[in-house]
Amino acid sequence: MDARIAVVTGGGTGIGRAVAAALAGQGDEVVILGRRAEVLERAAAELGVRWRQADVTRRQDVQAAVDWVVAEVGPTIDVLVNNAGGAGGVPAGAPLEEAERVWDEVVDGNLKSAFLMAWATLPHLRRPGGRIVNVSSVAAYSGRGGAYTAAKAGVAGLTYWLALDLGPEGVTVNAVAPGFIEDTGFFGGGLTPEGRQSRVGQIPAGRPGRPEEIAAAVAYLASPGAAYVNGEVHHVNGGWLFGR
C-alpha cells in the first residue's frame with residue numbers, strides 16, 4: 001500500500017510538530033506548512049518530512065501550497081490537519097479600530113486559515129477515505145479567551161458543517177480540543193508560577209498535557225480505523241472541562 005499524504009499546518013513547533021512526528025512515524029508522507037521557513041526547515045530535517053512556507057491566512061499562499069503538494073508529493077491528499085493558529089484577546093477598553101485589528105488577526109489565524117486550507121484541499125482529497133482534523137480548544141467551551149474563544153468555537157462549527165457535507169463521500173471531518181498544553185509557544189514568554197498552578201489546580205489529572213498526547217488523538221481521527229467517527233470534537237484536557 002502506498003504511503004498516505006498528510007498536510008499539517010503550523011507544523012514547525014508545538015502540537016503541529018508533534019502531529020507531524022506521529023503521522024510520519026506511522027509511515028505517512030507528511031508536509032508541514034507555516035510562515036517561518038527556518039523553523040520549518042529545521043523541523044522537517046529532524047522529522048524526515050517535507051515542508052513548504054505559507055501564510056495560511058492568505059488565499060494565494062494556501063492555493064500555491066496545495067498546488068505544490070499535488071504537483072511534487074502526490075495528486076491525492078489523504079489527511080489535512082488544520083493546526084495553525086494562535087492566542088489573542090481584544091484588550092479591555094481598546095478603541096474600536098484596535099479591537100477590530102486584533103479580532104481580524106485572531107479569527108484569520110485560527111478560523112479563516114482552516115476554512116481556506118479545507119476548501120483548497122477538497123478537490124484533491126481522497127474519496128472515500130479522506131480525513132480532515134481541525135484543532136479547536138477548551139477555550140471554545142469555557143468561554144475564556146476573548147477573540148480566541150470565538151475563533152475556536154468557529155472551528156467547531158466549521159467541523160460540523162464539513163462533516164455533514166463530506167460524510168456521504170466517505171470523508172470524515174473531526175476536531176480535537178486541547179486543554180492546557182504547556183510545552184508549546186502558546187503562552188509566548190511563559191506563564192508565571194501562579195498562573196501555571198491556577199490552571200493545573202483545575203485539572204483532575206493534576207498536570208498539563210503534552211503535545212504528544214494531542215498528536216495521538218489527531219492520529220487516531222486521521223486513521224482508517226476512525227472511518228465511523230465524523231463531526232466529533234474530541235476533548236483532550238485531563239478532565240478540566242467535559243465535552244458536550
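**Exercise 1. A strand in the middle**

How many of the residues of strand β6 (residues 172-178) are buried? Work on the predicted model shown above.

*Solution.*
Step 1. Apply the cut-off: a residue is buried when its relative accessible area is under 20%.
Step 2. Count along the strand. Seven of the seven residues of β6 are buried, and the strand is mostly covered.
Step 3. Split the residues by face. In a regular strand the side chains alternate between the two faces of the sheet. In β6, T172, N174, V176 and P178 lie on one side. V173, A175 and A177 lie on the other. Both faces are covered.
Step 4. Look at the partners of β6. Strand β5 (residues 131-135) pairs with β6 in the parallel sense, over five bridges. Here R131 stands opposite T172. Strand β7 (residues 233-236) also pairs with β6 in the parallel sense, over four bridges. In β7, H234 is the bridge partner of V176.

**Exercise 2. The strand next door**

Which residues of β5 point one way, and which the other way?

*Solution.*
Step 1. Check the burial. Five of the five residues of β5 are buried.
Step 2. Sort them by direction. R131, V133 and V135 point one way, while I132 and N134 point the other way.
Step 3. Find the link to β4. Four bridges join β4 to β5, and these strands run parallel. The bridge partner of L80 is I132 in β5.

**Exercise 3. The order of the sheet**

In what order do the seven strands of the open sheet lie?

*Solution.*
Step 1. Start with the pair β1 (residues 5-9) and β4 (residues 79-82). They run parallel and are joined by three bridges. V8 has V81 in β4 as its bridge partner.
Step 2. Extend to the whole sheet. Strands of a sheet pair through backbone hydrogen bonds, either parallel or antiparallel. In this sheet the order is β3-β2-β1-β4-β5-β6-β7, and the pairing is parallel.
Step 3. Name the edges. β3 and β7 are the edge strands, each pairing on one side only.
Step 4. Add the twist. On average, neighbouring strands of this sheet are turned by 20 degrees against each other, direction ignored.
Step 5. Place two helices on the sheet. α2 packs on the sheet and touches β2 and β3; its direction makes about 175 degrees with that of β3. Helix α4 (residues 96-121) packs on the sheet too, touching β1, β2, β4 and β5. The direction of α4 makes about 165 degrees with that of β4.

**Exercise 4. One side of a helix**

Why do the buried residues of α2 lie on the same side of the helix?

*Solution.*
Step 1. List the residues. In helix α2 (residues 37-47), V39, L40, A43 and A44 are buried.
Step 2. Use the angle. These residues lie on the same side of α2 because they cover an arc of only 125 degrees around the axis.
Step 3. Recall the rule. An α-helix has 3.6 residues a turn, so residues three or four places apart point the same way.
Step 4. See what they meet. The buried residues of α2 pack against α1 (14-25), β2 (29-34) and β3 (50-53).
Step 5. Follow the chain onward. Just after α2, G48 takes a positive phi of about 75 degrees.

**Exercise 5. Two loops**

Is D183 buried or exposed? Which peptide bond is cis, next to P128?

*Solution.*
Step 1. Locate D183. It is in the loop between β6 and α7 (193-200).
Step 2. Apply the cut-off. Exposed means over 50% relative accessible area. D183 has 60% relative accessibility, so D183 counts as exposed.
Step 3. Find what D183 meets. Leaving aside neighbours within four places in sequence, D183 is in contact with G14 and P211. D183 and T13 are 170 residues apart along the chain, yet their C-alpha atoms are separated by 9.7 Å.
Step 4. Go to P128, in the loop between α4 and β5. The peptide bond from R127 to P128 is cis, with omega near -5 degrees.

**Exercise 6. The whole chain**

How many helices and how many strands does the chain have? Which radius of gyration would a compact globule of 244 residues have?

*Solution.*
Step 1. Count the elements: eight helices and seven strands.
Step 2. Compare the radii. A compact globule with 244 residues would have a radius of gyration near 18 Å; the chain has 17 Å, which agrees.
Step 3. Take the extents. The C-alpha trace spans about 50 × 40 × 35 Å along its principal axes.
Step 4. Check the burial. Of the 244 residues, 45% count as buried.
Step 5. Check the contacts. Among contacts with a separation of 6 or more, 69% come from residues 24 or more positions apart.
Step 6. Finish with the surface. The chain exposes about 11,600 Å², and carbon and sulfur atoms supply 52% of it.

Key
Residues are numbered from 1 along each chain as its sequence is written. This is a predicted model: local features need pLDDT of at least 70, side-chain atom pairs count only at pLDDT 80 or more; totals for chains, interfaces and linings use all residues. Side-chain values use heavy atoms; hydrogens and water are left out. Buried means under 20% relative accessible area, exposed over 50%, partly exposed in between (1.4 Å probe, protein chains only). Two strands pair if DSSP finds at least two bridges between them. The arc is that of the directions from the helix axis to the C-beta atoms. Contact means heavy atoms within 4.5 Å. The radius of gyration is taken over C-alpha atoms; the globule rule is 2.2 Å times the number of residues to the power 0.38. Accessible areas come from the Shrake-Rupley method with a 1.4 Å probe; for residues, only the protein chains shown count as cover. Axes are lines fitted to C-alpha atoms, for helices over the stretch in contact, and angles run from 0 to 180 degrees between N-to-C directions.
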